[in-house]
Each structure stands twice: as structure tokens, then as C-alpha cells.
Amino acid sequence: MSSPDSAPAIRVGTLNGTGFYNTNEGFKYSATAIRQIMRERKLNVIILTEVNLSPGKGKELATELRGENLECRLGAQHDPESANKGVVIVWVPGRDPEGGGFPFKAINTNARKGGRGLAIHFRSLSKAGGDILMIGVYGVSTPKSSHLKIHESGVVWAWVSKTAEDYRSKNAESKVIIGGDFNAVLDQTRDRSRSPGKPLSTYGKRDERLAKCMATSNVVDVAELVRGDGTSLDMTYAPWGTTQTTQTIKGSSRIDRFYVGGGGIESMVVDSGGMTREHMIKTNHGTAWMELKGGVATPAPPPMQTPPQEWKPALIGVRGTSHKNS
């Protein structure tokens, strides 16, 4: 029997992709960088947020990702005149987590109209893995700054709640993962850094509608499962121009994170973390990740082999040619 440390594991990541698209290169460089990030962070699947999915861009991104041997599902395209609102879920196809593969197949996809949300119902390729609903979200930035943003933010969180509720009503083993860039926190003291002696910024105060959404969805922050409520955690966002020496002055936040719940998935989370800046790609965010062991990380058995051509008549009940001498 393998020890807990050597047991198979799945790592799920999330990264803000505001700078993924370049007018000169399209998504070509970014797709290569995403594959490299997944290798270095040992990620089997990643949720990308704030991706440019204006008309025509999604097909281009999917083509580049598949050229890197990655599978993906795209959120709905958004208005080309608006800010990037796309969400994309990318994974390494494969049956063995130890080899980097994500041993699940996508059963169905629910993309929120207008962007900011993408849900995929995954089914494990092994009997022990069960089903997972993975919801990628890109929350509204500064959600309390205007009536329009207040409304949009409320609609997004209502969509997340309903998506989780609908899934649970139809699936007994209702493991749910919600991850992405929330653009909001639920505990300023824990999830926001500040300069010593200065008050917390008004940006990123506790979002009560987000809190209600997570409670309704019956999920919990993975960092609380791994490290305990109220501890200092890894920040994943810092404004442009922030360096390691100025981070405490300009501030940083843990707005990229994960929530899980249902089907015993809470006990499968063994680690989580993040970084303030991902330098391989143009973004002012870092990669947040969580690691799961147990049933969801069970390697899938090899596929059944197709019988040789000469076996097929016997298998389908057709008489073969007799070779007896008459």
C-alpha cells in the first residue's frame, strides 16, 4: 500500500489572463506559457479568467491550446467593446495524474451568457473518482463603485449559486469546486495586506453577496481547510509596478482562490498556495492552486483494446469459415 505522501494527487490552478492576447502574436505565446506554467506548478487543470473571448478569439485560443496538447472548454464570448470577461478551463488529457493527466471527461458545459462564468460537469474515467462540478468565475472588479457594477456583481453570484444548486439537485455525489478571480474578499484582515500602521484600503471590503453565494453553494475556502481560519495566506494579486520591496506599501490581495464542498471533497484537499506574480506571462496576478488526493485522484484503467479483425466474426455471432477437410 502506498503512503499518503506517495499517493496520486491532482492539482487545480487558477490564473488571471488579462494579458494573454497580443495583437501581433494572438494567443500563440500565451498558450505555450500556459503549458509551461502547468508543468512547473504541476497542474492537471487550470481555470483562466479575464481572457479575451471577443468574437473569433475563442476559436483561436482553443486551436493554440490544442497545439500544446491541452484540452479546453470556453466560456461565452463577450462584447468586443467591453473589458475582457472570458473564463476558460484547460486540462491535460490523460488517465494518470502522476503523469500530469486529468483523469476526467467533460460531460456537459454551462457558459454564462456575456462571460464571467463557466461550469463543467466532469466525470472520472475511474469508478472511484465520481463526478465533479467545476465552476470558473471572474468577479466584477470594484463591485461597489457604481450601480451598474453592483447589479452585475449580484447577477454573477446568483448564477453561481443557481448553477451549484441545480447540479446538486440531480447528482447525489455532488462534489463542487468553485475557483477563479473573485475580485472580492470575505475577510479583509486575512486576505488583504497593508502598510504597517495604515488602515485597510476601502477596495476589497467584505462582499456580503459573495458571502451569501458561497454559503448557499455550501462550499468552504480551501485555505481554511488546509491552514485554518484566520491565518496569513499567500497573496495572488498586486497592482502593476509593485515589487517585492513595495508590496507592503501598495498592498496585495488573495482574490484568486478556491472553494470546495460536497461528496467528501473537503477531506481530499491536502494543500493550497499561490504567488503574487506569474512572471512567465503578462499579468499582475499569480497562480493560485490546490492539491487533492483520494478518490478524485484515482488513475483511470487503460482503455479496453479493440479485438483483432479476425476475432470479430466470432464476437458478433457470425460463423467463421471452416478449415476442416471434407
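## Exercises on strand β7 and helix α5

In this predicted model, both faces of strand β7 are covered, since Asp-131, Leu-133, Ile-135 and Val-137 on one side are buried, as are Ile-132, Met-134, Gly-136 and Tyr-138 on the other.

**Exercise 1.** Determine which strands pair with β7, and in which sense each of them does so.

*Solution.* Begin with β6, residues 117-124, which pairs with β7 in the antiparallel sense over 7 bridges. Within this pair, Arg-123 stands opposite Asp-131 of β7. The hairpin that joins β6 and β7 has 6 residues between the strands, and in it Gly-130 takes a positive phi near 70°. Then turn to β8, residues 175-181, which pairs with β7 in the parallel sense, again over 7 bridges. Here Ile-135 has Ile-178 of β8 as its bridge partner. To get from β7 to β8 the chain passes through helix α3, residues 147-170, and this β-α-β crossover is right-handed. As general background, strands of a sheet pair through backbone hydrogen bonds, either parallel or antiparallel.

**Exercise 2.** Place β7 in its sheet, and describe how helix α3 lies on that sheet.

*Solution.* The sheet is open, has 6 strands with mixed pairing, and runs in the order β5-β6-β7-β8-β10-β9, which sets β7 between β6 and β8. The edge strands, each of which pairs on one side only, are β5 (104-111) and β9 (220-221). Helix α3 packs on the sheet and touches β5, β6, β7, β8 and β10 (256-261), while its direction makes about 175° with that of β7. As for accessibility, a residue is called buried when its relative accessible area is under 20%, and by this cut-off 8 of the 8 residues of β7 (131-138) are buried.

**Exercise 3.** Work out which residues of helix α5 are buried, and why they line one face of the helix.

*Solution.* First list the buried residues of α5 (208-216), namely Leu-210, Ala-211, Cys-213 and Met-214. Seen down the helix axis, these buried residues fall within an arc of 160°, and they therefore line one face of α5. The general principle is that an α-helix has 3.6 residues a turn, so residues three or four places apart point the same way. Next, look at the other side of α5, where Lys-212 and Ala-215 are exposed. The buried residues, for their part, pack against α3, β8 and β10. Finally, inspect the ends: at the start of α5, a side-chain oxygen of Asp-207 reaches to within 3.0 Å of the backbone nitrogen of Arg-209, whereas Asn-218, which follows the helix, has a positive phi near 60°.

Technical notes: Residues numbered from 1 in each chain as written. Predicted model: local features only at pLDDT ≥ 70, side-chain atom pairs only at ≥ 80, totals over all residues. Heavy atoms only, no water. Buried < 20%, exposed > 50% of the residue type's maximum accessible area, 1.4 Å probe, protein only. Helix = DSSP H or I, 4+ residues; strand = E, 2+ residues; numbered from the N terminus. Pairing = 2+ DSSP bridges. Right-handed = clockwise from strand over helix to strand, strands pointing away. Contact = heavy atoms within 4.5 Å. Axes fitted to C-alpha atoms, helices over the stretch in contact; angles between N-to-C directions. Arc of directions from axis to C-beta. Polar contact = N/O pair within 3.5 Å; in protein donor to acceptor, adjacent residues only side chain to side chain.
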